[in-house]
Amino acid sequence: MAVGKNKRLSKGKKGIKKRVVDPFTRKDWYDIKAPSIFDTRNVGKTLVNRSSGLKNANDSLKGRILELSLGDLNKDEENTFRKIQLRVDEIQGRACLTNFHGMDFTQDKLRSLVRKWQTLIDAQLDVKTTDGYLIRLFAIGFTKKRPNQVKKTTYAKSAQVKEIRKKMFEVMQREAGSCDLKQLVHKLVPEVIGREIEKASQGIYPLQNCYVRKVKILKAPKFDISKLLELHGDSIAEDSGAKIAKEFVVRRRVPQEQVDTVSSMFPGIPTRSIRYELERSGMERTVERCLRDGALPEAPQGFFSDDVPPAPPVPATPATNPIPSASTSTSAPATPPSLITRLNLSARASAQKSGAEEDGGEGRKGGWEASPEKREKSLRERKERMVLEARRKMLEKKAKDQEKAQTYIS
């Protein structure tokens with residue numbers, strides 16, 4: 001071979017491969033947090049490339065659409081055929097805060113509903129919720145046999161189908177247009193809209209298997225971080241401490257004593273809200289939330305309490321003196337007693353004002369008492385301390401405002 005003809009001699013050996021780097025070494029795991037409308041808050045993890053240069057990991061995560069089963073979100077095997085879509089809207093630390101983005105049925109559930117000898121009636125409608133979401137609802141229903149019917153088929157006429165579809169439009173507009181997105185999700189889970197459609201169409205043709213099979217969000221309002229944090233509640237605060245194992249299932253059987261205990265401690269909170277919060281969070285977290293916020297969120301419209309029967313209407317008693325006298329008409333309305341008077345804290349308030357009372361930190365240690373009596377006593381003492389502390393801060397603020405006013409006048 002002539003010298004200089006083989007050009008590969010100066011380039012080294014052929015086929016040397018580059019060093020293989022595991023792609024997972026430059027990725028990070030993030031936790032996915034579901035909204036408070038679902039029971040399971042930590043629903044999984046997602047991967048993203050680590051921030052480097054001009055590429056930010058948070059920008060890559062925002063807008064991701066995640067599809068989960070409602071059976072996993074609510075620990076309910078009966079609702080595994082519903083697929084819930086969640087959208088990542090905000091990143092806080094290693095937590096991805098999500099919001100509801102849509103709902104759909106699995107293909108096997110839809111195909112199991114379609115059968116012979118019956119009529120399928122579907123309808124779709126665009127509705128705007130009270131908080132500005134434009135959503136599209138897809139409803140579906142099937143005819144069924146009338147009572148004592150011998151005929152094999154249950155076909156509806158075209159005029160009946162049109163009337164039933166009108167009823168579907170009316171029900172969907174009424175139920176979805178009068179609530180916000182959170183309340184709408186609470187209606188979709190127990191299938192409130194499907195039951196209302198069955199009732200409305202009973203006089204035209206009896207229906208069965210009425211569902212809102214699909215929900216799409218067409219247009220969302222301007223993003224508001226405060227509303228998203230309110231929707232997630234305490235999910236961020238829970239991550240900083242130890243994991244709290246949920247003790248109950250989706251619908252807890254709340255004893256009436258727990259409702260009466262919380263209602264006696266916080267008489268200003270409605271009993272329906274107390275029962276709803278007890279079913280969702282349990283006794284300890286409900287009382288802590290009452291002490292921290294002073295109120296509880298209102299129970300959704302789709303919430304039905306099975307433990308307590310509805311109270312009978314109170315008959316109106318006839319007025320003993322229908323014609324008011326001059327003295328009663330001119331008298332001022334009685335002012336309700338203050339919180340200090342209701343809790344019998346007048347002596348402690350006066351001692352706090354004079355500076356004689358000193359809180360030695362007794363009863364401030366954390367933990368949950370074992371017996372109900374000790375638990376009620378510790379909660380009552382904690383509530384009294386919070387009321388006195390709020391009163392002290394209010395008096396200090398008033399004194400500072402008066403001092404500023406006097407300096408301004410002088």
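Start by selecting residues 271-281 and 283-293: these are helix 10 and helix 11, which pack at an angle of about 130 degrees with their axes 7 Å apart. Helices here are DSSP runs of H or I with at least four residues, strands are runs of E with at least two, and both are numbered from the N terminus. Axes are lines fitted to C-alpha atoms, for helices over the stretch in contact, with angles running from 0 to 180 degrees between N-to-C directions.

Before going on, a note on what you have loaded: this is a predicted model, where local features need pLDDT of at least 70 and side-chain atom pairs count only at pLDDT 80 or more, while totals for chains, interfaces and linings use all residues. Numbering runs from 1 along each chain as its sequence is written, and side-chain values use heavy atoms, with hydrogens and water left out.

**Stop 1: helix 10 against helix 11**

Given that angle, helix 10 and helix 11 are oblique to each other (under 35 degrees counts as roughly parallel, over 145 as roughly antiparallel, 65 to 115 as roughly perpendicular, and the rest as oblique). The crossing of this pair, helix 10 and helix 11, is right-handed, a label used when the near helix is turned clockwise from the far one by less than a right angle, with anticlockwise giving left-handed. Show side chains for Glu277, Leu278, Arg280 and Ser281 in helix 10, then for Met283, Arg285, Thr286 and Arg289 in helix 11, and you have the two sides that meet. Contact means heavy atoms within 4.5 Å. Colour the residues of this contact by class and you get two nonpolar, two polar and four charged. The nonpolar class is Ala, Val, Leu, Ile, Met, Phe, Trp, Tyr, Cys and Pro; Asp, Glu, Lys and Arg are charged; the others, Gly among them, are polar.

**Stop 2: back to helix 9**

Keep helix 10 on screen and add residues 256-265, which form helix 9; the axes of helix 9 and helix 10 come within 10 Å and cross at roughly 125 degrees. Helix 9 and helix 10 are oblique to each other too, and helix 9 passes helix 10 in a right-handed crossing. On the helix 9 side, pick Gln256, Gln258, Val259, Val262 and Ser263; on the helix 10 side, pick Thr271, Ile274, Arg275 and Leu278. By class, the contact of helix 9 with helix 10 has four nonpolar, four polar and one charged residues. Leu278 is worth a click, since it appears in the contact with helix 9 and in the one with helix 11.

**Stop 3: into strand 7**

Now jump to Ile135 in strand 7. Is Ile135 buried or exposed? Ile135 is buried, at 0% relative accessibility (buried is under 20% relative accessible area, exposed is over 50%, and partly exposed is in between, with a 1.4 Å probe and protein chains only). Draw a distance from its C-alpha to that of Lys216: 5.6 Å, for residues 81 apart along the chain. Beyond neighbours within four places in sequence, Ile135 is in contact with Leu125, Asp126, Val127, Thr129, Leu184, Lys216, Ile217 and Leu218.

**Stop 4: a buried glutamate**

Select Glu90 in strand 4, residues 82-92. Glu90 is buried, with a relative accessible area of 16%. Its contacts, leaving aside neighbours within four places, are Lys62, Ala95, Cys96, Leu97, Phe223, Ile225 and Leu228.

**Stop 5: two positive phi values**

Which residue in the loop between helix 3 (107-113) and strand 6 (120-128) should you pick? Go for Trp117, with phi near 65 degrees, a positive value in a residue other than glycine. Trp117 is partly exposed at 35% relative accessibility. Then select Asn209 in strand 8, residues 207-219; Asn209 has a positive phi of about 50 degrees although it is not a glycine.

**Stop 6: loops**

Arg146 lies in the loop between strand 7 (134-143) and helix 4 (158-177). Arg146 and Pro206 are 60 residues apart in sequence, but 6.6 Å apart from C-alpha to C-alpha. Not counting residues up to four places away, Arg146 touches Gln160, Ile204, Tyr205 and Pro206. Finish at Asn344, between helix 13 (339-342) and helix 14 (346-354), which is exposed at 68% relative accessible area.

**Zoom out**

Back at full view, the chain comes to 15 helices and eight strands, and buried residues make up 33% of its 410 residues.
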